[in-house]
Amino acid sequence: MAFLGSSFANATREEREGLLSRIAHCLRPGEGFLVSADLDKDRETLETCYNDPPGHSAFADFRLNYLTRLNSRYGAGFVLDDFVPEAFYNEDTSTVEGHLRARAGRTVPVPGLGLTLHLARGRSVNVGYSAKFTEEQLAREVGAHGFGLRARWLDPEAQYGLFLFRRAPSAPVVGRA
Ligand SMILES: C[S@@+](CC[C@H](N)C(=O)[O-])C[C@H]1O[C@@H](n2cnc3c(N)ncnc32)[C@H](O)[C@@H]1O
């Protein structure tokens, strides 16, 4: 089984636990789990990577698109200009978070979901999640589900890597399928 493009890191820690549990149930002893991961690095590098440089808006457009989708799909009343898209590194969770911050207090109806949202000025909503790992953290997290690290390939600057785990012959399966 393979998770490429560091997509595994777009799940929260709790979601990854569930994913790993299901993956462990799906694989037989000796079968492989190949996962790519962006390795943890300094805040400046990460925040530069996840925010638009001057004159560009790809990340802003990507984050604001969540509101566009809520408007079109659920009849929500978000005004895109009311929100500032931004990303920052959360050191406590080793995660880059993509946010939308309300410029002013707003009450937004979302009729399709039967909701009315009250957003205070400055309230920030997390719309994206990209975890960063040390090699040890990744090996520990995946290893807890009965996998052993068999090989790994890093780029020359050890910024990111590809990790091959194998299901151990008689490892306990943690959690439920
Ligand atoms: C938009 S980035 C997202 C990266 C990461 N999931 C994150 O949240 O920051 C997409 C990633 O997929 C990788 N990618 C794209 N096509 C790929 C392919 N065919 N095989 C493996 N990786 C691929 C890119 O190199 C890039 O790292």
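**Two domains, a sheet and a ligand shell**

Seven residues of domain 1 are in contact with four residues of domain 2. On the domain 1 side of that contact, you'll find three nonpolar, three polar and one charged residues. Keep in mind that this is a predicted model. Here's a quick tour, topic by topic.

**Domains**

- The domain assignment splits the protein into domain 1, made of 1-39 + 133-177, and domain 2, which covers 41-131.
- Between the C-alpha centres of domain 1 and domain 2 there's a distance of 29 Å.

**Ligand shell**

- Around the ligand sit Leu 4, Gly 5, Ser 6, Ser 7, Ala 9, Asn 10 and Ser 130.
- Sort that shell by class and you get five polar residues, two nonpolar and no charged.

**The four-stranded sheet**

- Four strands make an open sheet with mixed pairing, and their order is β1-β2-β9-β8.
- At the edges are β1 (2-3) and β8 (147-154), each of which pairs on one side only.
- Strand β2 (residues 32-38) runs antiparallel to strand β9 (residues 160-167), with seven bridges between them.
- For a handy register mark, look at Ala 37, which stands opposite Gly 161 in β9.
- Helix α4 (residues 135-143) packs on this sheet and touches β2, β8 and β9. The direction of helix α4 makes about 150° with that of β8.
- As background, strands of a sheet pair through backbone hydrogen bonds, and they can do it either parallel or antiparallel.

**The β5-β6 hairpin**

- Strand β5 (residues 106-110) and strand β6 (residues 115-119) are antiparallel too, joined by five bridges.
- Here Arg 106 stands opposite Leu 119 in β6.
- The hairpin has four residues between its strands, and Gly 114 takes a positive phi near 65°.

**A look at Cys 49**

- Where does Cys 49 sit? Its place is in helix α2, which spans residues 43-49.
- Is Cys 49 buried, exposed or partly exposed? Cys 49 counts as partly exposed because it has 15 C-beta neighbours inside 10 Å, while a buried residue needs 20 or more and an exposed one has 12 or fewer.
- Cys 49 and Val 96 are 47 residues apart in sequence, yet in space their C-alpha atoms are 9.8 Å apart.

Note on methods: Residues are numbered from 1 along each chain as its sequence is written. This is a predicted model: local features need pLDDT of at least 70, side-chain atom pairs count only at pLDDT 80 or more; totals for chains, interfaces and linings use all residues. Domain bounds come from an automatic or database domain assignment. Ala, Val, Leu, Ile, Met, Phe, Trp, Tyr, Cys and Pro count as nonpolar, Asp, Glu, Lys and Arg as charged, and the others, Gly among them, as polar. A residue is near a molecule or strand if its C-beta atom, placed from the backbone, lies within 6 Å of it. Two strands pair if DSSP finds at least two bridges between them. Helices (H or I, at least four residues) and strands (E, at least two) are DSSP runs, numbered from the N terminus. Axes are lines fitted to C-alpha atoms, for helices over the stretch in contact, and angles run from 0 to 180 degrees between N-to-C directions.
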